[in-house]
Structure formats: structure tokens, C-alpha cells
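Reader: I should like to learn how features of a structural model are to be read. Please take them one at a time.

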Amino acid sequence: DKVIEELRGLNERYGTKYFSFGDEELAGDSLRDFVDKILESDLDIEWECYGRIEDIYLDKGFCKRLRDAGCRFIQFGIESASQKVLDTSNKGYESGLTGRVLRNTYEAGIMNHAFILVGLPDDSIIESSQLIPFLEETAQYITTMKPITYKVSKWSPVALRPETFGLRLDEENTPDLEQRISVEKDSGIMSRHKARAFVKLLELWVLVSQTKR
């Protein structure tokens, strides 16, 4: 209710119609409740948000309500097409779910962005190569995509419990104010050189696919 009140206030005071939500917890029941509140309030706004791959988007009726509530763009943390890598990172969903989610939101009139991470724990060139057929199958549902190399965030589960992921962190060579922690070179993670090379390959794939469209 407080968020709806603030949105209405900004809309009326500044004539603001477009909003971007940076809260990564706008998912599941919270997202469903938010959509219901906007529709009940009859707010005329359009907005974008971050999204998780989850069952809520398998409901085509919900995706339509999401669009009716003003959602125009969702940035999904897809990360990988490898079930092994997804499981190690505790993403909590089956890789086959991703394409169905992207299709349903796209068909509801919502644009999709795909965040891709190369070099996650348990990732390899072989595991990352699964991204190519995945992207071939889902490209029509993806508006924009950003492949980047994985870095360990300072307060992430990987940084707090590196041994669980089979990693050793190089904290001695990580500056105090740095938000990313270095990983020991022989710590069971894809080398930075390989990860960067595969990201370049994905960037090339994006350019080629755009040319075909």
C-alpha cells in the first residue's frame, strides 16, 4: 500500500509515468500482490523490474495481468543453460523452465533481458557451450542480452562459504573497498581467460543473430 501511495504521489506531482524497480525481491507472491494492488488502484504507469525464472510466469493469465499492470520490461538472471551449474549456484529451478518463462512473458507483450554469467562454480567451456543451442531456441523471445564473466561478490553465499563451492578466495590480494573478491588461480573455477573468450563468442553470436533478423 505504501509503494502504491508513493507511485501515485510521484505520478501526480511530477507527471511521472515510467518507473524502474531495482528491488531483487520483487518476485513470487510479492510480485503477484504488487500486480493486484496496481490493478486495483487504477494507476496509469509503465515499469521495468528484475525477475527470477520461476513458476509464477508459467501462468499465462498472470503474465497478461502483469502487462495490464504496466510491466513492459523484465531483466532475468538466467546465468547459465547448464543444470549442473544452476544446481551448484542454488538457482532453484530446472533449466527447461527458462524458455517457457521467456515465451510466456514475450507473448504477453513484455520485453525480456537475459543476464548471462560465464565462469560460475562448476562451469566449464563444455557447460557454457550449452548456452548456444539455448539461445538459438529462445532468441525470438529475448529483446536484449548481456553476457559477462562471473566475479565473486563480497557478501554472496559463495564468498561467505567458499569451501561449499570448492573454491579458495584470494582475500590477501583483494583491496578492502573492492566489492568483488579474487579467486585463487588453481581453485577449481574456469580461468578468466577462458571465461572472457567465451563471453566474446556470445557477443559475436548476438551480432550475427541481430544481422539475421
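Author: Cys71 is buried, with a relative accessible area of 0%; buried means under 20% relative accessible area, exposed over 50%, and partly exposed in between (1.4 Å probe, protein chains only). This is a predicted model, in which local features need pLDDT of at least 70, side-chain atom pairs count only at pLDDT 80 or more, and totals for chains, interfaces and linings use all residues. Residues are numbered from 1 along each chain as its sequence is written, and side-chain values use heavy atoms, with hydrogens and water left out.

Reader: How many disulfides does the structure hold?

Author: A disulfide is a covalent bond between the sulfur atoms of two cysteines. The criterion is a pair of cysteine sulfur atoms within 2.5 Å. The structure holds zero disulfides.

Reader: Why is Cys49 not bonded to Cys71?

Author: The closest cysteine sulfur to that of Cys49 belongs to Cys71 and lies 4.6 Å away, which is too far for a bond. Cys49 is also buried, at 1% relative accessible area.

Reader: Is Arg67 buried or exposed?

Author: Neither: its relative accessibility is 27%, so Arg67 counts as partly exposed. Arg67 is found in helix H3, residues 60-68; helices (H or I, at least four residues) and strands (E, at least two) are DSSP runs, numbered from the N terminus.

Reader: Which residues is Arg67 in contact with, leaving aside its neighbours within four places in sequence?

Author: Contact means heavy atoms within 4.5 Å. With those neighbours set aside, Arg67 touches Arg72, Ala108, Gly109 and Ile110. The C-alpha atoms of Arg67 and Glu46 are separated by 8.9 Å, the two residues being 21 apart along the chain.
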